[in-house]
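This report is meant for someone meeting the structure for the first time. It goes from single residues to the packing of the interior and then to the loops.

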Amino acid sequence: MAVEVCVKAAVGAPDVLGDCPFSQRVLLTLEEKKVTYKKHLINVSDKPKWFLEVNPEGKVPVINFGDKWIPDSDVIVGIIEEKYPNPSLIAPPEFASVGSKLFPTFVSFLKSKDSSDGTEQALLDELKALEEHLKAHGPYANGQNVCSVDMSLAPKLYHLEVALGHFKKWSVPESLSHVRNYMKLLFERESFQKTKAEEKYVIAGWAPKV
């Protein structure tokens, strides 16, 4: 039985893949492991009845390997790794938290209305820490091959690039050359191209929150 996965549909376009970075993380993991799957696009502002029946919390992503629907992208990617161990995407434990504060610091800066509140510097500090890690261990988080950390960071860095570029005319400083190269490598991967939301839907997703 094919794996089934429910992910967010685009805002205002229920038949198009949406902008949820946690949904994309799961799709990326499935793509990198060449797992065949069936994708259900969920309109999160008008969730279908069948979806709420199998998943009362109504959150995406959720996945079904044949017996029950499982929520939470952290849990999901762990199960995918167990069921489909090749190619391995396991990250060394000491690298598991690389970039883990990037998304909340990005969101704080994106929503900030005060240029002196420290949110930009907090994001830059996180990006500089990622730069140092990639300088020592790159080009990916764990060297030459992608791992689970990259699957988590790629969608978040895409949101950062698109949303901050649009709403704040801000981009990752050129001095952070390893981060910029990392983003380029990730965004060029076939798995990423197949699973990313169009930029306009990323912008539409953030617009009400900014």
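Helices and strands are here DSSP runs, of at least four residues for a helix and at least two for a strand, and they are numbered from the N terminus. In those terms, Lys34 has its place in the loop between α1 (21-32) and β3 (37-42). The model is a predicted one.

**A buried acid in the first strand**

Glu4 belongs to strand β1, which covers residues 3-10. Although Glu4 is buried, it has no salt bridge, and the nearest side chain of opposite charge, that of Lys38, is 4.6 Å away. Since a salt bridge calls for a side-chain nitrogen of Lys or Arg within 4 Å of a carboxyl oxygen of Asp or Glu, the 4.6 Å to Lys38 does not qualify. What Glu4 does have is a polar contact of 2.6 Å between its side chain and that of His40. Leaving out residues up to four places away in sequence, the residues that Glu4 touches are Lys38, His40, Val62, Ile63, Asn64 and Trp69.

**The nonpolar cores**

The largest nonpolar core is made up of 43 residues, and those with the most contacts inside it are Phe106, Leu123, Leu127, Leu157, Trp170 and Tyr182. Two or more residues of this core come from each of α4, α5 (119-137), α6, α7 (177-188) and α9, and α6 provides the largest share, with ten residues. Phe106 can serve as an example of how the core is knit together: beyond its neighbours within four places in sequence, Phe106 is in contact with Leu123, His159, Leu160, Ala163, Leu164 and Trp206. Apart from this core lies another, of 16 residues, which includes Val5, Leu17, Leu27 and Val35.

Which residues of helix α9 are buried? In this helix, spanning residues 199-206, they are Tyr201, Val202, Ile203, Gly205 and Trp206. The buried residues of α9 pack against two strands, β1 and β2 (13-17), and against two helices, α4 (102-111) and α6 (148-168).

**Backbone exceptions in the loops**

Most residues other than glycine have a negative phi, and most peptide bonds are trans. Against that background, the table lists two cis peptide bonds and two residues with a positive phi.

| Site | Feature | Value |
|---|---|---|
| Asn86 to Pro87 | cis peptide bond | omega near -10° |
| Gly138 to Pro139 | cis peptide bond | omega near 10° |
| Lys34 | positive phi, not a glycine | about 60° |
| Asp72 | positive phi, not a glycine | about 80° |

Pro87 is located in the loop between α3 (73-83) and α4, whereas Pro139 is in the loop that runs between α5 and α6. Asp72, for its part, is placed in the loop between β5 (69-71) and α3.

Are Lys34 and Asp72 exposed or partly exposed? Lys34 counts as exposed because its relative accessible area is 69%, and exposed means over 50%. Asp72, with a relative accessible area of 40%, is partly exposed.

One further loop residue is Glu174, which lies between α6 and α7. Glu174 has a relative accessibility of 64% and therefore counts as exposed. Its C-alpha atom is separated by 24 Å from that of Lys113, and the two residues are 61 residues apart along the chain.

How values were computed
Residues are numbered from 1 along each chain as its sequence is written. This is a predicted model: local features need pLDDT of at least 70, side-chain atom pairs count only at pLDDT 80 or more; totals for chains, interfaces and linings use all residues. Side-chain values use heavy atoms; hydrogens and water are left out. Buried means under 20% relative accessible area, exposed over 50%, partly exposed in between (1.4 Å probe, protein chains only). Lys and Arg count as positive and Asp and Glu as negative; His and the chain ends are not counted. A polar contact is a pair of N or O atoms within 3.5 Å; within protein, one must be able to donate a hydrogen and the other to accept it, and residues adjacent in sequence count only if both atoms are side-chain atoms. Contact means heavy atoms within 4.5 Å. A nonpolar core is a set of buried Ala, Val, Leu, Ile, Met, Phe, Trp, Tyr and Cys residues joined through side-chain atoms within 4.5 Å.
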